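This report describes one protein chain for a reader who has not seen it before. The sequence and the structure come first, and the text follows.

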Amino acid sequence: MNNEKNGANFENEEIETAADTVTAQEKEKPAGEKPEKATKKKKEKADDAAKKLIADLIAENEKQKSELAEQKDMYLRVLAEYENFRRRTADEKSKIYSDTTAEVVEKFLPVLDNLEHAAVCSTDSDADSAIRQGVELVLRSFREILEKLGVSEIPALGETFDPNIHNAVMREDDPEKGESEITAVFQKGYKLSNKVIRYSMVKVAN
């Protein structure tokens, strides 16, 4: 009898021990899930922080790109303004030089006219011949200086009359001449590049 009671007690103890073990496992199970949830939350926070950092970096990059574009646009505007200023300055300097040269040369043209008149005067006198040679030498030097300055004689005799470079002071009817043909030059004209210093004074046919 005692053996049967002892066996029954032993079985009851085993059942109680098993029940206690199951209960302990059930109690420990929620405690074991808490670290997993904490790790998941930490990961989510880290992902959110990384996303925010990337978004901030993208926004900063776009801002810098915009500022760089503005600086580049400003630089190009300043460069264009400088080029325009430099071009205007160069044009103004060229115009001032051209106008000044033309004005000075115009003052000397009567001297050139007189030298040319003196050079065509010829006599049989040896003294006059020597003078004429001297005048021709001065005249040649004068023309060389004008050429270096860019001054050239305006073509006139035999050319078609052009009111932009010729000044007609006389007209004639001559069937042997072409229409508006220049038949005589009373005073030579000169120009500096395309700028007329003095118009050619001419006679025009037909």
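## Confidence and overall make-up

Over residues 28-33 the pLDDT stays under 50, and the model has 0 contacts for this stretch beyond four places in sequence. The model is a predicted one. Its protein chain has a mean pLDDT of 84, with 81% of the residues at 70 or more. Residues 2-11 also have a pLDDT below 50, and beyond near neighbours in sequence the model shows 0 contacts for them. Where pLDDT is low, the predicted coordinates should not be read in detail.

The chain contains 2 helices and 6 strands. Read from the N terminus, the order of these elements is α-α-β-β-β-β-β-β. Of the 206 residues, 16% are buried. The accessible surface is about 16,400 Å², and carbon and sulfur atoms account for 54% of that surface. Among contacts between residues at least 6 apart in sequence, 63% join residues at least 24 apart.

## Helix α1

Helix α1 spans residues 2-120 and includes Thr101. Thr101 has a relative accessible area of 10% and therefore counts as buried. Leaving aside residues up to four places away in sequence, Thr101 touches Leu149 and Leu192.

Tyr82 is also in helix α1, but this residue is partly exposed, at 47% relative accessible area. Tyr82 belongs to a nonpolar surface patch with Tyr75, Leu76, Leu79 and Phe85; together the five have about 530 Å² of accessible area.

## Strand β6 and its partners

Strand β6 covers residues 200-205, and 5 of its 6 residues are buried. Strand β2, residues 166-172, pairs with β6 in the parallel sense over 6 bridges. In this region Met170 stands opposite Lys203 of β6. Strand β3, residues 181-187, pairs with β6 in the antiparallel sense over 5 bridges. Here Gln187 has Met201 in β6 as its bridge partner.

## Salt bridges

Side chains of opposite charge can pair when their charged atoms come close. The structure holds 11 salt bridges, including the three in this table.

| Salt bridge | N to O distance |
|---|---|
| Glu83 and Arg86 | 2.9 Å |
| Asp113 and Arg198 | 2.9 Å |
| Glu116 and Lys188 | 3.3 Å |

Glu83 and Arg86 both lie in helix α1, and because they are 3 residues apart, about one helical turn separates them. Glu83 is partly exposed at 26% relative accessibility, and Arg86 is partly exposed with a relative accessible area of 46%.

Which parts of the chain does the pair of Arg198 and Asp113 tie together? Arg198 lies in strand β5 (residues 195-198) and Asp113 in helix α1, so the pair ties together parts that are 85 residues apart in sequence. Arg198 is buried at 13% relative accessible area, and Asp113 is buried at 12%.

The pair of Lys188 and Glu116 links distant parts of the chain as well: Lys188 is in the loop between β3 and β4, Glu116 is in helix α1, and the two are 72 residues apart. Is each of these residues buried or partly exposed, and what are the values? Lys188 is partly exposed, with a relative accessible area of 26%, whereas Glu116 is buried at 11%. Through shared partners, salt bridges join Glu116, Arg143, Glu153 and Lys188 into one network.

Key
Residues are numbered from 1 along each chain as its sequence is written. This is a predicted model: local features need pLDDT of at least 70, side-chain atom pairs count only at pLDDT 80 or more; totals for chains, interfaces and linings use all residues. Side-chain values use heavy atoms; hydrogens and water are left out. Helices (H or I, at least four residues) and strands (E, at least two) are DSSP runs, numbered from the N terminus. Buried means under 20% relative accessible area, exposed over 50%, partly exposed in between (1.4 Å probe, protein chains only). Contact means heavy atoms within 4.5 Å. Patches are made of residues with over 30% relative accessible area and no salt bridge: like charges are joined within 9 Å, nonpolar side chains (Val, Leu, Ile, Met, Phe, Trp, Tyr) within 5 Å. Accessible areas come from the Shrake-Rupley method with a 1.4 Å probe; for residues, only the protein chains shown count as cover. A salt bridge is a side-chain nitrogen of Lys or Arg within 4 Å of a carboxyl oxygen of Asp or Glu. pLDDT is the predictor's confidence in each residue, from 0 to 100. Two strands pair if DSSP finds at least two bridges between them.
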